Amino acid sequence: MSKVRVLVGTRKGAFILTSDGKRDRWDVSGPHFAGWEMFHLKGSPADPNRLYASQTSGWFGQIIQRSNDGGKTWETPGGEAIPVPGAMPPPASNKFAYDVSPETGKPLTTHQWYDGTQHSWEFKRVWHLEPSLTDPDTVYAGVEDAALFRSTDGGKSWHELSGLRGHGTGPEWQPGAGGMCLHTIVLDPSNPQRMFIAISAAGAFRTDDGGKTWRPINRGLRSPYIPDPDAEIGHCVHHIAMSPTRPGVLFMQKHWDVMRSDNAGDSWQEVSGNLPTDFGFAIDVHAHEPETIYVVPIKSDSEHFPPEGKLRVYRSRTGGNEWEPLTKGLPQSDCYVNVLRDAMAVDSLDSCGVYFGTTGGQVYASPDAGDTWAPIVRDLPAVLSVEVQTLP
Amino acid sequence: MIRVVLPAHLRTLARVPGDVELEVEGPLTQRSVLDALEARFPMLRGTIRDHVTLERRPFLRFFACEEDLSHESPDAPLPAAVASGREPFFIIGAIAGG
């Protein structure tokens, strides 16, 4: 019988929740890395026992953790062995050094600071880890300040795909309220050369040559809060989701607005429809029904909680515009939690499971595509990320 | 043999239960201590000082013999009591917030 493994990153550690295919009884393992901010954990589609985790701390910086047994044990790649005295030191798995100009040795570019002045790139943390669809040792990291890194040796060493920052619009990028972070990485299963990323607050970008060159894909996004609402750069994209069964169709939760693209991001249309508010962070797509999408509407960009104190997932079965609230099993009074951008995921069992975590420490699961919900856990630290693995 | 006291989170990361004992070659300075520490525990690289600049991370402090050595030159000699192992070299997480 199939199993499900839910990887949860929180403000104070990581937790691993496992269940059989019924998804009504759960084992909880953790906290792993207690006391550390665990921004994101994700498993390799090519080897489900290979997990990667981003462990961060304001005091001690960035750590990359790796597991080869589904999260039972962990290691810091490159740091696991004590080197022989005098031997070459192993590569540093937590070294994210931005590329510099090969001609001058100076930084490639600067970005816009909150006050409009130019500012140097400074590495802060890894927001998102996206393992390759085919190679367990290849993994991408989206970092703050926004850049994309890749490791091809299982996380031991990282190299920037600097065509993204270097393509010319870097000086126009600026931090969102959460920092200037590259938080979304979507790999196209039908085209290994194609990848989508999103940055707050620069927008969405696409590569069609494996990460060498990039272009902005923000046509149709409209952001009244920036000087030019239709600008090519500067939109605060919160998250992008794509069904692996239909690459090229993208759904986006923007700062405000839920958007849809049917041409791999070349243009976008708003599909917020009858949502009570189109602000939010998380968005995902049903595993088997590519027109069924999920969002969690949040009241506003200053009140990061659900409208009316009711925690409602909204589902559209029409690819947007027509939305229905899903409430059965979710608190419908006095609920003032947030659901962050990487804190929603789906499994791929026949009856698609949907999962999300809250800043109040609950992780909710629906084994029936959102019709009914139940908490797996209620009292974790604030949840930063939720990912799901469907295991044979 | 000198002794180094790590913050709890770095002890966990390095998988050591308590103080670390290190053999340091040459003059005993902050730099030589940290070089030896990182060579023995590679997972600590980048957590105490920046990978590229090798500067102390902002929220960490260095103490020995009840003196704050955080702003001393990384190449200044450490006290003789640290060199003899009588006193440890402390790496301490600075308190920020309440």
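Modeller: Before we start, strands count as paired here if DSSP finds at least two bridges between them. And keep in mind that this is a predicted model.

Biologist: Okay, so which residue in β2(B) does I2(B) stand opposite?

Modeller: Start with the strands: β1 of chain B covers residues 2-5, and it pairs with β2(B) in the antiparallel sense over three bridges. Within that pairing, the residue of β2(B) that faces I2(B) is L22(B).

Biologist: Which strands of chain B stand at the edges of the sheet?

Modeller: The open sheet has five strands with mixed pairing, in the order β2-β1-β5-β3-β4 (chain B). A strand with a single partner has one side left without a neighbour in the sheet, so the edge strands of chain B are β2 (20-22) and β4 (67-68).

Biologist: What do the buried residues of α2(B) pack against?

Modeller: Helix α2 of chain B, residues 30-40, runs at about 110° to β2(B). Its buried residues are Q30(B), V33(B), L34(B), A36(B) and L37(B). They cover an arc of only 160° around the axis, so they sit on the same side of α2(B). What they pack against, all in chain B, is β1, β2, β3 and β5.

Biologist: And which element gives the most to the side of chain B that touches chain A?

Modeller: There, 16 residues of chain B are in contact with 20 residues of chain A. On chain B, the elements giving two or more residues are α1 (8-14) and α2. With three residues, the one that gives the most is α1(B).

Biologist: How many residues on that side of chain B are nonpolar?

Modeller: Split the side of chain B that touches chain A by class. Five residues are polar and three are charged, while the nonpolar ones number eight.

Terms used: Residues are numbered from 1 along each chain as its sequence is written. Chains are lettered from A and ligands numbered from 1 in the order in which they are written. This is a predicted model: local features need pLDDT of at least 70, side-chain atom pairs count only at pLDDT 80 or more; totals for chains, interfaces and linings use all residues. Helices (H or I, at least four residues) and strands (E, at least two) are DSSP runs, numbered from the N terminus. Two residues are in contact if their C-beta atoms, placed from the backbone, lie within 7 Å. Axes are lines fitted to C-alpha atoms, for helices over the stretch in contact, and angles run from 0 to 180 degrees between N-to-C directions. Ala, Val, Leu, Ile, Met, Phe, Trp, Tyr, Cys and Pro count as nonpolar, Asp, Glu, Lys and Arg as charged, and the others, Gly among them, as polar. A residue is buried if 20 or more other C-beta atoms lie within 10 Å of its own, exposed if 12 or fewer, and partly exposed in between; C-beta atoms are placed from the backbone. The arc is that of the directions from the helix axis to the C-beta atoms.
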